[in-house]
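Work through the exercises below with the sequence and the coordinates at hand, and try each task before reading its solution.

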Amino acid sequence: MMQPSCISSEAEEEISRHPCYSEEAHRFYARMHIPVAPACNIQCNYCNRKFDCVNESRPGVVSEVLTPEQAERKVRGVAAQLMQLSVVGVAGPGDPLANPEQTFDTFARVKKYVPDVSLCLSTNGLTLYRHVDEIIELGIRHVTITINAIDPDVGQAIYPWVFDEGVRYEGREAAELLISRQLLGLEMLAKLGILVKVNSIMIPGVNDHHLPAVSQRVKELGATLHNVTPLIIAPGSQYEADGRKAPRPKELLNLQELLGRDGMKVMRHCRQCRADAIGLLGQDRNQDFPLEAMEAEPVINEEARAMFQSELDTKIRERVKAKQARRIQAGGPKTRVAVATRGGDKVNQHFGHATEFLIYDTDGADVQLLGVRKIQAYCHGKADCNGDKAATLQEIISILSDCRILLCSGIGDAPRASLNKIGVLPLVRKGGIQEAILESVKYSSYFENINISKG
Ligand code: CLF
Ligand code: SF4
């Protein structure tokens with residue numbers, strides 16, 4: 001029987017403080033990933049084990065793996081300081097369920113010492129069905145499964161092998177086993193009321209045309225949310241050797257829109273975080289919380305945390321209400337706006353230092369987040385922003401070419417001129433993103449009398 005993917009009001013309440021499941025929550029609430037799971041039981045062609053898991057992390061930087069004891073100490077220390085911490089997740093750097101003792105021991109410790117955070121697990125799903133009882137017992141309410149294919153013919157181009165109970169499976173057989181286990185795990189958890197999110201990596205030429213079928217199937221099985229992210233190829237991976245490329249932003253956007261039209265709730269604000277990320281999405285404050293600096297017995301003021309978070313809830317409710325009111329007036333022509341941000345829901349990043357842009361559409365009343373576009377920063381260190389870094393700049397320009405306005409906290413003359421040439425108007429602003437976007441709309445026709453085609 002078809003199960004609706006729409007979220008019940010009870011579940012809405014549960015996700016209201018989860019920065020990944022709720023777009024509004026991600027502006028206010030923080031997550032903490034604890035890297036306690038180094039081993040993996042499958043091979044993905046985009047991954048290189050020497051680096052973080054790209055299911056839930058940006059490749060290229062190795063995480064420090066923690067023991068459950070160290071993880072407990074770190075979580076307690078962070079919760080004592082970071083009042084908006086609402087979710088603690090295990091997402092790697094390998095697969096959490098290929099390291100079940102470390103993963104569940106860590107969750108049990110977090111539950112004991114910081115009971116007010118939600119526990120979140122992200123897995124490739126191979127052994128998920130074996131751990132359903134532990135998930136329920138520990139009260140883990142959010143589980144993410146990375147499902148890139150439901151057809152083994154597609155899957156065999158993504159997974160060269162899978163290792164299960166002492167047996168190594170290869171080729172189509174490996175993909176068939178993995179897919180059947182992923183779908184079984186999803187169905188079992190969804191039936192038990194767990195909020196299951198499915199992550200899929202869009203791999204042009206491999207699964208891009210297949211992802212609508214994936215979305216449909218996972219919706220039928222009870223997935224709450226579908227998060228499609230662009231391929232990030234780890235250095236040294238098979239896909240790097242094959243010369244595979246990430247999808248263009250427009251291709252990803254078109255796919256997300258298609259899935260949304262088919263009735264699936266689609267996540268647009270994923271930041272492809274590292275397996276040890278701490279803070280608001282888009283921020284990584286791991287370095288602010290070194291393990292050595294954590295007290296052995298930190299004081300977690302639960303009352304103060306509850307009060308602080310209840311104030312955040314009020315702010316979120318007010319924003320949702322205002323958004324609904326703006327939707328009623330909405331309907332004018334749309335302007336696409338790119339925003340350079342370091343997080344905190346603010347325009348606060350210099351163009352040259354941006355590693356990602358948030359992309360919004362606005363009609364002057366409503367502001368809608370379309371997605372996140374990751375880039376290589378234009379300036380490195382003390383480099384001069386006006387210098388000739390032609391290739392990087394060209395890449396960034398092409399990524400922003402469908403936008404009318406760019407909001408950033410600063411920009412050099414060379415990139416400003418290049419953006420102007422393709423009809424993107426950079427505006428230097430500081431402060432709240434939404435306010436800046438609504439204010440910027442009056443400039444949306446800036447290039448109209450100049451002979452520039454937006455294509
Ligand atoms: Fe972490 Fe994943 Fe839980 Fe979120 S991340 S385990 S569901 S708490 Fe979130 Fe990061 Fe995207 Fe993951 S933005 S990569 S979806
Ligand atoms: Fe790498 Fe994660 Fe795939 Fe394992 S599941 S191979 S760690 S991307």
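**Exercise 1: the surroundings of Asp345**

Asp345 is placed in the loop between β11 (335-340) and β12 (346-347); in this predicted model, determine whether Asp345 is buried or exposed, and which residues it touches beyond those up to four places away in sequence.

Solution. Begin with the accessibility: the relative accessible area of Asp345 is 18%, and because buried means under 20%, Asp345 counts as buried. Next, list the contacts, which, with residues up to four places away in sequence not counted, are Arg27, Arg319, Gly431, Gly432 and Ile433. For Ile433, the backbone can be checked as well, since its C-alpha atom and that of Asp345 are separated by 5.8 Å, although the two residues are 88 apart along the chain. Finally, examine the side chains, where Asp345 and Arg319 are joined by a polar contact of 3.1 Å.

**Exercise 2: the buried side of α7**

Find which residues of helix α7 (residues 211-220) are buried, where they lie around the axis, and what covers them.

Solution. The buried residues in α7 are Leu211, Val214, Ser215, Val218 and Lys219. They lie on the same side of α7, because the arc that they cover around the axis is only 130°. The spacing can be understood from helix geometry: an α-helix has 3.6 residues a turn, so residues three or four places apart point the same way. The cover over the buried residues of α7 includes α6 (171-191), β8 (195-202), β9 and α9 (249-261).

Now take α9 as the partner: its axis and that of α7 come within 10 Å and cross at roughly 35°, and the crossing in which α7 passes α9 is right-handed. On the α7 side this contact is made by Leu211, Pro212 and Ser215, and on the α9 side by Leu255, Leu258 and Leu259. Just after α7, the chain reaches Gly222, which takes a positive phi of about 110°.

**Exercise 3: Thr229 and Gln272**

Locate Thr229, and establish with which residues it is in contact when neighbours within four places in sequence are left aside.

Solution. Thr229 belongs to strand β9 (residues 225-230), and its relative accessible area of 9% makes it buried. Its contacts, with those neighbours left aside, are Ser200, Ile201, Met202, Leu252, Cys270 and Gln272. Follow one of these partners further: Gln272 is in the loop between α9 and β10 (278-279), and is itself buried, with a relative accessible area of 8%. Its phi is near 50°, which is a positive value in a residue other than glycine.

**Exercise 4: backbone exceptions**

Where does Glu165 lie, and which peptide bond, with omega near 10°, is cis?

Solution. As a reference, most residues other than glycine have a negative phi, and most peptide bonds are trans. Glu165, although not a glycine, has a positive phi of about 45°; its place is the loop between β6 (161-164) and β7 (167-170), where it is exposed, with a relative accessible area of 65%. The cis bond runs from Gly92 to Pro93, and Pro93 is found in the loop between β3 (85-90) and α3 (100-113).

**Exercise 5: cysteines and the whole chain**

How many disulfides does a search of the whole structure find?

Solution. The search finds 0 disulfides. Among the cysteines, Cys47 is buried at a relative accessible area of 12%, and Cys273 is buried at 8%. For the chain as a whole, 56% of the 455 residues count as buried.

Methods
Residues are numbered from 1 along each chain as its sequence is written. Chains are lettered from A and ligands numbered from 1 in the order in which they are written. This is a predicted model: local features need pLDDT of at least 70, side-chain atom pairs count only at pLDDT 80 or more; totals for chains, interfaces and linings use all residues. Side-chain values use heavy atoms; hydrogens and water are left out. Helices (H or I, at least four residues) and strands (E, at least two) are DSSP runs, numbered from the N terminus. Buried means under 20% relative accessible area, exposed over 50%, partly exposed in between (1.4 Å probe, protein chains only). Contact means heavy atoms within 4.5 Å. A polar contact is a pair of N or O atoms within 3.5 Å; within protein, one must be able to donate a hydrogen and the other to accept it, and residues adjacent in sequence count only if both atoms are side-chain atoms. A disulfide is a pair of cysteine sulfur atoms within 2.5 Å. The arc is that of the directions from the helix axis to the C-beta atoms. Axes are lines fitted to C-alpha atoms, for helices over the stretch in contact, and angles run from 0 to 180 degrees between N-to-C directions. A crossing is left-handed if the near helix is turned anticlockwise from the far one by less than a right angle, and right-handed if clockwise.
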